[in-house]
Amino acid sequence: MTKSFNKVLVANRGEIAVRIIRTLKDMGIKSVAIFSDVDKDCLHTKLADESICIGPKNAKESYLNKIQIINAALITGADAIHPGFGFLSENPSFAKMCEIYNIKFIGPSSKVIEMMGNKNVSKNMMKEAGIPVVPGSDGIIEDMNTAKSTAKNIGYPVIIKARSGGGGKGMRIVNNQKDLELAFLSAKKEAENAFGDGALYMEKFIQDPRHIEVQIMADELGNVIHLSGRDCSLQLNHQKVIEEAPPTAISPEIMEKLYETSIKATKHVGYTNVGTIEYLVDKNDDFYFMEMNTRIQVEHPVTEMITGIDIVKEQINIALENKLSYKQDDINVKGHAIECRVNAYEYTDSGFIPSSGKIEALNLPGGPGVRIDNSIYQGYEILPFYDSMLAKIITYASNRTDAIKIMDRALSEFEVNGVNTNVSFNKKIMNDQNFIDNAFSTSYLQEKLNKKS
């Protein structure tokens, strides 16, 4: 008899919670949505089989409240928890609590999350496996004196990064010593607010690289495969803006090396479930391990589009201790996919201005080659307390040029009245000649905006 979960609690909100609940429905598994008191009207609470309030609007008391979420799983009889991305998805103590209470955490073990979440440990493990890493600090930077001496040893420019989390939070580029203290303190504060962990480390800042990541899947029986790669080089404030798959600016030979390296790294750390290994590739085609994300990525849909694989479904199958549904030879990459994030803010000459309010009217794009992952509906009120992402537009075509054209069309059709969004900003990117020509790096967008201002 095929094993299955009876009920899965989705420990998240917004579009990723909706995304997970839909796959659970497809698999015939009951779902439980959690929500804060201001999130009771969210779409994920309406789609799930059950929903339960886990605290007030403050994320630390609700979506980051480990005890409340475990209690919610126990009360509702959930035998597994899917953490999505963000919040507690890469929190080893939360994964450990799940293990203690015999609730399956749909992700890697708490031990592996802890190892990969500790940037010093993860980099040392990669070094052991013979994988090149970005030069950086030996562990966490405890104080300003250590920060100054470390930066001097590495050589400016350096980049300060938060030990926990992602999404560009707790991250600062520092070009000289006079800017170091402010950058260090502001990164620490931001990381504390976002992840409940203000620990920072430091790396050499690689100038003008491409940001390439490899999607891997590993079952609990020792089988590991990759699902090609993604190019996430178009960024702003270290936050990914546009993601696409497969990477076409990197030679097939370098990509094959990245795939081989990623499989090797995954096996070396004993990783299981779905994960992503991120690299910087410089102008000389030298590549460096950045980090391993032990969760599903925001940009996973572009990989699903080019492979035809439901990655969330594979996460659940792996958590059920099943063998991978695919072998490496089964992975057939076709076409090109692009993802734009639709956020509740607009770009002006003064920068990005956050927006909130009730959605009075909504038109979502459609037609050939368009997929929408979203959590919004007409009459829904956008609140200022959480991540600003409202939806993701994913387009697919046989080649990159056509995928861009379809995205341009989809963005033209996307209309939201009652809240301002970055749709017009994304549309400008689709018509930017350097983007069309695939001639950009991680610093391109920031430099372009700096020149404009």
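Student: Let's start with Arg 371 in this predicted model. Which strand is the place of Arg 371 in?
Tutor: We're looking at a predicted model, so keep that in mind throughout. Arg 371 falls within residues 370-374, and that run is strand 19.

Student: Does Arg 371 count as buried or exposed?
Tutor: The cut-off for buried is under 20% relative accessible area. Arg 371 has 17% relative accessibility, so the label is buried.

Student: Which side chain makes a polar contact with the side chain of Arg 371?
Tutor: Leave out neighbours within four places in sequence, and Arg 371 is in contact with residues including His 300, Pro 301, Glu 304 and Met 305, as well as Lys 392, Ile 393 and Ile 394. For the side-chain polar contact, at 2.9 Å, the partner is Glu 304.

Student: Zooming out, how many helices and strands does the protein chain have?
Tutor: Arg 371 sits in one of those strands, strand 19. For the protein chain, the secondary structure comes to 15 helices and 22 strands.

Student: And why is the protein chain said to be as compact as a globular protein of that length?
Tutor: The globule rule gives 22 Å for 453 residues. The protein chain comes close to that, so it is as compact as a globular protein of that length. Along the principal axes, its C-alpha trace spans about 55 × 45 × 45 Å. The value behind the verdict is a radius of gyration of 21 Å.

Student: What percentage of the contacts with a separation of 6 or more comes from residues 24 or more positions apart?
Tutor: Some context on the protein chain: buried residues make up 57% of its 453 residues. As for those contacts, residues 24 or more positions apart account for 66%.

Student: How much of the area that the protein chain exposes do carbon and sulfur atoms supply?
Tutor: The protein chain exposes about 18700 Å². Of that, carbon and sulfur atoms supply 47%.

Student: How far apart are the mean positions of the positive and negative charges?
Tutor: The protein chain has 52 positive and 58 negative charges. Take the mean position of each set, and the separation is 1 Å.

Student: Over to Lys 313: how far from Leu 24 is Lys 313 in space, C-alpha to C-alpha?
Tutor: Lys 313 lies in helix 11, residues 311-319, and counts as partly exposed at 38% relative accessibility. Not counting residues up to four places away in sequence, Lys 313 touches Thr 23 and Met 27. Leu 24 is 289 residues from Lys 313 in sequence, but the C-alpha to C-alpha distance is 7.7 Å.

Student: Which residues does a cis peptide bond join with omega of about -5°?
Tutor: Most peptide bonds are trans. One cis bond joins Tyr 156 and Pro 157, with omega about 0°, and Pro 157 is in the loop between helix 7 and strand 6. Pro 246 lies in the loop between strand 11 and helix 9. The cis bond with omega of about -5° joins Ala 245 and Pro 246.

Student: What is the phi of Asp 285, a residue other than glycine?
Tutor: Most residues other than glycine have a negative phi. Phe 87, in the loop between strand 4 and helix 4, has a positive phi of about 45°. Asp 285 is found in the loop between strand 12 and strand 13 and is partly exposed, with a relative accessible area of 35%. Its phi is positive too, near 65°.

Technical notes: Residues numbered from 1 in each chain as written. Predicted model: local features only at pLDDT ≥ 70, side-chain atom pairs only at ≥ 80, totals over all residues. Heavy atoms only, no water. Helix = DSSP H or I, 4+ residues; strand = E, 2+ residues; numbered from the N terminus. Buried < 20%, exposed > 50% of the residue type's maximum accessible area, 1.4 Å probe, protein only. Polar contact = N/O pair within 3.5 Å; in protein donor to acceptor, adjacent residues only side chain to side chain. Contact = heavy atoms within 4.5 Å. Rg over C-alpha atoms; globule rule 2.2 N^0.38 Å. Areas by Shrake-Rupley, 256 points an atom, 1.4 Å probe, with all protein chains shown as cover. Lys, Arg positive; Asp, Glu negative; His and termini not counted. Charge placed at Lys NZ, Arg CZ, Asp CG, Glu CD.
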